Amino acid sequence: MLNPQLVSEALTIPSPITELNSSVLTTKKLKLFLKRDDLIHPEISGNKWRKLYLNLLEAKKLKKETILTFGGAFSNHIYATAAACNLFGINSIGIIRGEYVDPKNSTINFAKSQGMEIVRVSKAIYGSDKDVLAMQYPDAYIIPEGGNNELGRMGMKFLAEELNQSFQNEECIVVLPIGTGCTMTGLIQNLDSNFSVLGINVLRNKSIDKEISDLLLETNVQYEINHDYHFGAYAKTTPELIKFTNQFFDEHKINLDPIYTAKSMYAIFDLMAKGEFPEGKKMIAIHTGGLQGIIPYNRLNELKIRL
């Protein structure tokens, strides 16, 4: 379980950094870099590996042979956890929100192919008390939905260290999408003070401000949360967002998932066009992965994302 050499060989760490070029960047005299965490691993990509790593080590320390976690039917977390557990020889169980069975669901089918046991529960039961569900598996190591726990946040120190090393003493804005807030909180706790952080909330949920501030009672890093780019709610999109996603791919040959990174990247370009970033500013966007979600998105929607 968790052979360190296997970890090193299987993953691209540190993840690459790509500088993006576009007319608006030239006009506004800005620099934009993309931290390609989507390239960490084909199946355990983006912030998912960062959140899972210390949890997997803790499971090994406690001699747990099974990981139990939670997610929706198209969850990046379920997908990545199944792949990580399969790669490192750990049993996995996924509690899935909703009892509907879609035989063509590529996320769930992949998780099953990795050996994950899928347990479907009604949305009412799922939302009422996950601790009660977890009690049915007393021997399992529990990872919460999205990997959002203390070890998940601590795992962001590795991403922060890569950024600290690559942009030493340079004033930079780190921009990333926010779901549970785990990635943003962990970054703020570990970045050097020359960074500031802008989180793009992809949920229509303003309680995230308090949730993050409660965890960041002391910090040397300035941060802000923008709530204007959720495009209706979590997992909602618009033709405008999909058009932008395809244009971004055409120009940069980089895929963006429609749930997280496409929204944060759209926000960056829109805010640049509106003059919200001062001239000469250097920005680093975090690509949080989630590209597996493009396939089910394209199957269920008329307007497709190019791959």
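This is a guided tour of the structure above, stop by stop, with a selection to make at each one.

**Before you start**

The model is predicted, so to speak of local features a pLDDT of at least 70 is needed, and side-chain atom pairs count only at pLDDT 80 or more, while totals for chains, interfaces and linings use all residues. Residues are numbered from 1 along each chain as its sequence is written, and side-chain values use heavy atoms, with hydrogens and water left out.

**Stop 1: the four-stranded sheet**

Select residues 66-71, which form β3; helices (H or I, at least four residues) and strands (E, at least two) are DSSP runs numbered from the N terminus. Add its companions to see an open sheet of 4 strands, ordered β5-β4-β3-β6 with parallel pairing. Two strands pair here if DSSP finds at least two bridges between them. At the edges stand β5 (117-121) and β6 (141-143), each with a single partner strand, so one side of each has no neighbour in the sheet. From one strand to the next, the twist averages 20 degrees.

Now look at the ladder. β3 and β4 run parallel and are joined by 6 bridges, while 5 bridges join β4 to β5, also in parallel. A handy residue to label is G94: it is the bridge partner in β4 of T69, and it stands opposite I118 in β5.

How many of the residues of β3 are buried? The count is 6 of its 6 residues, where buried means under 20% relative accessible area, exposed over 50% and partly exposed in between (1.4 Å probe, protein chains only). In a regular strand the side chains alternate between the two faces of the sheet. In β3, T66, L68 and F70 are on one side and I67, T69 and G71 on the other, and both faces are covered.

**Stop 2: the helix on that sheet**

Show α4 (76-87) next. This helix packs on the sheet and touches β3, β4 and β6, and its direction makes about 165 degrees with that of β3. Axes are lines fitted to C-alpha atoms, for helices over the stretch in contact, and angles run from 0 to 180 degrees between N-to-C directions. Contact means heavy atoms within 4.5 Å.

Within α4, pick T81. Its relative accessible area is 1%, so T81 counts as buried. Leaving out residues up to four places away in sequence, T81 touches L52, I67, T69 and M116.

**Stop 3: the largest pocket**

Select F74, S75, R97, Y234 and A235, which of the 47 lining residues lie nearest the centre of the largest pocket. A pocket is an open set of points on a 1 Å grid over the protein atoms alone, where a 1.4 Å probe fits, with protein on both sides within 12 Å along at least five of seven lines; lining residues have an atom within 4 Å of a point. The volume is about 1200 Å³, taken as the space filled by probe spheres set on the points, which are joined across faces, edges and corners.

Elements giving two or more residues to this lining include α3 (47-61), α4, β4 (91-97) and β7 (172-178). The lining divides into 17 nonpolar, 19 polar and 11 charged residues. Nonpolar covers Ala, Val, Leu, Ile, Met, Phe, Trp, Tyr, Cys and Pro, charged covers Asp, Glu, Lys and Arg, and the others, Gly among them, are polar.

**Stop 4: the six-stranded sheet**

Move to the open sheet of 6 strands, ordered β1-β2-β10-β7-β8-β9, with mixed pairing. β1 (17-20) and β9 are its edge strands, each pairing on one side only. Neighbouring strands are turned by 25 degrees against each other on average, direction ignored. β1 and β2 (31-35) pair in the antiparallel sense over 4 bridges; label E19 and its bridge partner in β2, F33.

**Stop 5: the second largest pocket**

Which strand gives the largest share of the lining of the second largest pocket? That is β9, with 4 residues. β8 (195-201) and β9 (222-226) each supply at least two. The pocket holds about 190 Å³ of space, and its lining has 6 nonpolar, 3 polar and 2 charged residues.

One of the lining residues is L271, found in helix α13 (261-273). L271 counts as buried at 10% relative accessibility. Beyond residues up to four places away in sequence, L271 touches L198, N226, Y229, E276 and F277.

**Last stop: F231**

Finish in the loop between β9 and α12 (239-252), where F231 lies. F231 is buried at 16% relative accessibility. Its contacts, not counting residues up to four places away in sequence, are K236, T237, T238, L241, K263 and Y266.
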